[in-house]
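Me: I'd like to learn how to read a protein model feature by feature. Could you walk me through one, giving the general idea and then the case at hand?

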Amino acid sequence: MIYLDNSATTKPYKEVLDTFVQVSERYFANPASIHEAGVTANNLLMRAREQIAQILKTEAKEVLFTAGGTESNNFAIFGTVKVNAHRGKHILTTAIEHPSVIEAVKQLAKDGYEVDYLRVDKNGVVSLDELRKKLRRDTILVSIMHVNNEMGAIQPIEQAAKIIHENSRAIFHVDAVQSFGKLPITFSGEEGPDIISISGHKIHALKGSGVIAFRKSLAIEPFIVGGGQEFGLRSGTVAVPQAVALAKAARLAVESMDEAFARYTKWAKDLHSFLQGFGSDIRILSTESGAPYILSFSIRGLKGEILINALQKQGIIVSTSSACSSKQTKTSHVVEALNIESEFKKGVLRVSFGALTAEQDIATFKEVFGQVMKELKGDIV
């Protein structure tokens, strides 16, 4: 099997799995317990917290472990908005956010909050001028993802942060699920976000692990109440093995980031050139200025599921846009926001690379894709 759906999830590194097993076996005590075994487990947890904080350039006390990106995004949005409702009820986000952001702000809209959506251009990038114009005195939260999960558009996070911080008191949240460990993103300096969301299984860690991190101490409402773990903001016994495994994966990702980015860029350029060879039958949604590890394209008049099944029969695994919504029959909200031609809306495919992708995988994909296209060409309008 050739796996090219790494934006949906990644295969855990063997080193990460080994770390998880070792911690589960040797440091299984509850980190909130006051006996020696509990203290030892808590010390290990704190080291993992410090390692993530060091990568993000913040303090360890500003790093909370969660169950993944969706929880981190929900935590950032609900926790921030509710505690700042006295300052206003205006929220800004974009039309191409992950459902864990879109659905969260929709819920808040039902509760009386006013939500504005920033549009994107044909490349999937927001307008900084529109951001500046839509900021208001009562704007309390701006949430903009760093890298779009469906087509890889990179948002100008640093410039956006500068505009937000200079023109409002709004808190700036960035969903970095598709960028952390692959592109630089930190709290360094003033031109950066106030809150960052991270998911472990996108960087070869384990599912069910994530992080919400802060630039500095912010007023935020606890997301889960109970025993007061995670500095009183997320109660519940912390999963130490998952946290330590996530920190391990993060270190490995950051150490190899530059080399991996160069490799992904080479492959993305190769596939861009290859797909352009099919002429008007294929429309490439991703741009060469986007994240090179996500390549989305569409086949004219052909449903993506048909091509996915044909490729799967040949051992190639890809996806239709986002795995979070790929089982739905309606057109992706990201595709709708890009305003592409109607004959391309149903045929979107996403190819995404990971640290375990090999050069030969790309060559095999091109060969198999060419064969499949020949077989299906008669069905293309």
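Me: Let me start with a single side chain: is E130 buried or exposed?

Reply: Happy to help, and please keep in mind that this is a predicted model. The yardstick is relative accessibility, where under 20% means buried and over 50% means exposed. E130 comes out at 9%, so it counts as buried.

Me: Which residue does the side chain of E130 meet in a salt bridge?

Reply: The partner is K134, with 3.0 Å from N to O. K134 has a relative accessibility of 25%, so it counts as partly exposed.

Me: Why are K134 and E130 separated by about one helical turn?

Reply: The general idea first: an α-helix has 3.6 residues a turn, so residues three or four places apart point the same way. Here, K134 and E130 are about one turn apart because they sit four residues apart in helix α5 (residues 128-134).

Me: Which residue forms a salt bridge with K14?

Reply: That is D18, and the closest N and O atoms are 2.9 Å apart. Helix α1 (residues 14-26) holds both K14 and D18, again with a spacing of four residues, about one turn. K14 counts as exposed because its relative accessibility is 58%. D18, at 40%, therefore counts as partly exposed.

Me: And what about R234 and E71: which parts of the chain does that pair link?

Reply: R234 forms a salt bridge with E71, with 2.4 Å between the closest N and O atoms. The pair joins distant parts of the chain, 163 residues apart: R234 is in the loop between β8 (210-214) and α7 (240-255), while E71 belongs to helix α3 (residues 69-83). Both of these residues are buried.

Me: How many salt bridges does a search of the whole structure find?

Reply: The search turns up 17.

Me: Since E71 is in α3, how many of the residues of that helix are buried?

Reply: Twelve of the 15 are, so α3 is largely enclosed by the rest of the structure. Among the buried ones are F75, I77 and F78, along with E71. From its first C-alpha to its last, α3 reaches 21 Å, close to the 21 Å expected at 1.5 Å a residue.

Me: How does α11 look when I read it that way, and which of its residues are buried?

Reply: Helix α11 (residues 359-376) has 18 residues and spans 26 Å between its first and last C-alpha, close to the 26 Å expected. Its buried residues include I362, F365, V368 and F369, as well as D361.

Me: Let's turn to sheets. What is the order of the strands in the open sheet?

Reply: In general, strands of a sheet pair through backbone hydrogen bonds, either parallel or antiparallel. In this case seven strands form an open sheet in the order β2-β8-β7-β6-β5-β3-β4, and the pairing is mixed. At the edges are β2 (63-66) and β4 (114-118), each paired on one side only. Ignoring direction, neighbouring strands are turned by 20° against each other on average.

Me: In which sense do β3 and β5 pair?

Reply: Strand β3 (residues 90-94) and strand β5 (residues 139-143) are parallel, pairing over four bridges. To find your place, look for I91, which stands opposite L141 in β5.

Me: Which strands does helix α2 lie across?

Reply: Helix α2 (residues 36-56) lies across β2, β7 (195-199) and β8, and runs at about 115° to β2.

Me: Now the interior. How many residues does the largest nonpolar core have?

Reply: The background is that in soluble globular proteins, nonpolar side chains tend to be buried together. Here the largest such core has 60 residues, and L131, V142, F172 and F180 have the most contacts inside it. The element giving the most to this core is α7, with eight residues. Apart from it lies another core, of 34 residues, among them A291, F297, I308 and V351.

Me: What does L131 touch?

Reply: Setting aside residues up to four places away in sequence, L131 touches L92, L118, V142, A160, I163 and I164.

Me: One last residue: where is the place of I203?

Reply: I203 sits in the loop between β7 and β8. At 3% relative accessibility, I203 counts as buried. Beyond its neighbours within four places in sequence, its contacts include F180, L246, A249 and A250. I203 and V254 are 51 residues apart in sequence, yet 9.9 Å apart in space, C-alpha to C-alpha.

Terms used: Residues are numbered from 1 along each chain as its sequence is written. This is a predicted model: local features need pLDDT of at least 70, side-chain atom pairs count only at pLDDT 80 or more; totals for chains, interfaces and linings use all residues. Side-chain values use heavy atoms; hydrogens and water are left out. A salt bridge is a side-chain nitrogen of Lys or Arg within 4 Å of a carboxyl oxygen of Asp or Glu. Helices (H or I, at least four residues) and strands (E, at least two) are DSSP runs, numbered from the N terminus. Buried means under 20% relative accessible area, exposed over 50%, partly exposed in between (1.4 Å probe, protein chains only). A nonpolar core is a set of buried Ala, Val, Leu, Ile, Met, Phe, Trp, Tyr and Cys residues joined through side-chain atoms within 4.5 Å. Contact means heavy atoms within 4.5 Å. The expected span of a helix is 1.5 Å times one less than its number of residues. Two strands pair if DSSP finds at least two bridges between them. Axes are lines fitted to C-alpha atoms, for helices over the stretch in contact, and angles run from 0 to 180 degrees between N-to-C directions.
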